Amino acid sequence: MRILFTGSKIQECPSIIFTLDRLGHEVACYPKPMEDLGEDEEKEIEDFLKKYKVDFVLSNIFTVSVARVTNKLNMKYAIWCMDSPTYSTWVPDSRYDNCYLFYFDYMEYLLQKKNGHMNVYHLPLAADTVWGETLIITDDEIQKYSCAMSFVGSLYTKNIYDKCIERFSGRAQSAFSDIIEKNAFLWDGKGRIKLSPEWIQTIRYVCPELFDNQYEMDDEYFIRTLFFERKLTNVERTLLMELLAERYDINLYTRAIEQVPEGIKRFPEVSAGSEALKVFYSSKINLNITLRSIETGIPARVFDVMSVGGFVLSNWQEEIPELFEEDKEIVTFKTPEELIEKADYYLKHDSERTRIGINGYKRVKENYTYEHQVGKIISILFPNSK
């Protein structure tokens, strides 16, 4: 088939393109990232689709203009969502019969299904094991990236909560701080944050330019995920980095805009390609602290680490025992104390740590490669195709 991939400059995913090619499809890439599309470019998109005689469009980012054009042409448009929530999909245009939404977070999938979307599916993320198998890493690079523990990701020090909090009354600030404190460092899948109508109304009133909810999601879900859970992630990741840095040789790879506490070994953000894989391969323990708005799913970081046989120590997520065998393919923690306990143990037991890393690699290679998951998307879109 001839497939158009529409990409994002914020969330690049070259593995999808390479996978489609490896599966024997012809792949065309739209010349602009979707964030740069103007509102008046639907004619250009339509001309592109007709020129290249595209069979369907696949992307990891939803765009209204592409949805409208493909609907007009009666062409299928599939979006494999790699963030949660994927706010851009919570719009009326995603309800076109030709639009297919694939969510890696089961809870978001359920919410969209309850919201009445017909073509919505749950699809976990994937690893590109081909990159891992062809990774070339020198002894000097292993020495450069080697450490007891590493974390690759954002600390979310630039978040809406901190940007807005001074606008609120002392009573509101105290209540919001209490919400963060009561929910921090608890990874048991219970989702405790509940917002009263009073606080939802207060937040919308105080920050109307930020919380003008134009999405088809209720205000509590929208405000909770955007306002509270990113701040909660900031608190958890920052304090855990400080705690771990007191005990271990830990490297943090993060964006230049992040404010990192003193005492933490900070390194520049690594690209999603080979450099990140070299970090994962060279670190004894690769830490995953999931963005709190991902309610049940497993983020891409876990699959990427496993693609090179890296050892993953992750906060517990509801879908982990459904996809992986705990303590055999991945190790999890539910509290900071358990994180320290397991980090101590596995840093002292090299053979067990290596065995778990190898088992994790085998699991993703057998069940969660891009070939597996992209193949599932195509089989759903075209059930009679071979």
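**Figure 1. Parallel pairing of β1 with β3 and β2.** Strands β1 and β3 pair in the parallel sense over four bridges, where pairing requires that DSSP find at least two bridges between two strands. Helices (H or I, at least four residues) and strands (E, at least two) are DSSP runs, numbered from the N terminus. The model is predicted, so local features need pLDDT of at least 70 and side-chain atom pairs count only at pLDDT 80 or more, whereas totals for chains, interfaces and linings use all residues. Residues are numbered from 1 along each chain as its sequence is written, and side-chain values use heavy atoms, with hydrogens and water left out. Within the pairing with β3, Ile3 stands opposite Phe56. Strand β1 (residues 2-6) also pairs with strand β2 (residues 26-29), again parallel and over four bridges. The bridge partner of Leu4 in β2 is Ala28. Together with helix α1 (residues 14-22), β1 and β2 make a right-handed β-α-β unit; right-handed means that, with the strands pointing away from the viewer, the path from the first strand over the helix to the second runs clockwise. Four of the five residues of β1 are buried, that is, under 20% relative accessible area with a 1.4 Å probe and protein chains only (exposed is over 50%, partly exposed in between).

**Figure 2. Surroundings of Asn60 in the loop between β3 and α3.** Asn60 follows β3 (56-59) and precedes α3 (64-72). Asn60 is buried, with a relative accessible area of 3%. Residues up to four places away in sequence aside, Asn60 touches Phe5, Thr6, Gln11, Glu12, Cys13, Ile16, Ile79, Trp80 and Met82; contact means heavy atoms within 4.5 Å. Trp90 lies 30 residues from Asn60 along the chain, and their C-alpha atoms are separated by 14 Å.

**Figure 3. Strand β10 and its parallel neighbours β7 and β11.** Of the six residues in strand β10 (residues 283-288), five are buried. Strand β7 (residues 147-152) runs parallel to β10 and is joined to it by three bridges, with Met149 opposite Ile285. Three bridges also connect β10 with strand β11 (residues 312-315) in the parallel sense. In β11, Val312 is the bridge partner of Asn286 and Leu313 that of Leu287. Helix α12 (residues 300-306) completes a right-handed β-α-β unit with β10 and β11. Strand β11 is in turn joined to β12 by three bridges, and these two strands run parallel. Ser314 stands opposite Thr332 in β12.

**Figure 4. Helices α14 and α15 and what covers them.** Helix α14 has 13 residues and reaches 19 Å from its first C-alpha to its last, close to the 18 Å expected at 1.5 Å a residue; the expected span is 1.5 Å times one less than the number of residues. The buried residues of α14 are Pro336, Leu339, Ile340, Lys342, Ala343, Tyr346 and Leu347. These residues pack against β7, α10, β10, β11, β12 and α15. For helix α15 (residues 350-367), with 18 residues, the expected span of 26 Å agrees with the 26 Å between its end C-alpha atoms. Its buried residues are Arg353, Ile356, Gly357, Asn359, Gly360 and Val364. They cover an arc of only 165° around the axis, which puts them on the same side of α15; the arc is that of the directions from the helix axis to the C-beta atoms. The elements covering the buried residues of α15 include α5 (129-133), β10, α12, β12 (331-333) and α14 (336-348).

**Figure 5. The largest nonpolar core and a separate second core.** A nonpolar core is a set of buried Ala, Val, Leu, Ile, Met, Phe, Trp, Tyr and Cys residues joined through side-chain atoms within 4.5 Å. The largest has 79 residues, and those with the most contacts inside it are Phe176, Phe227, Phe228 and Met241. Helix α10 (residues 219-245) contributes the largest share of this core, 11 residues. Apart from this core lies another, of 47 residues, among them Leu135, Tyr145, Ile294 and Ile377. Phe176 touches Tyr161, Ile165, Phe168, Trp199, Ile203, Phe227 and Phe228, not counting residues up to four places away in sequence.
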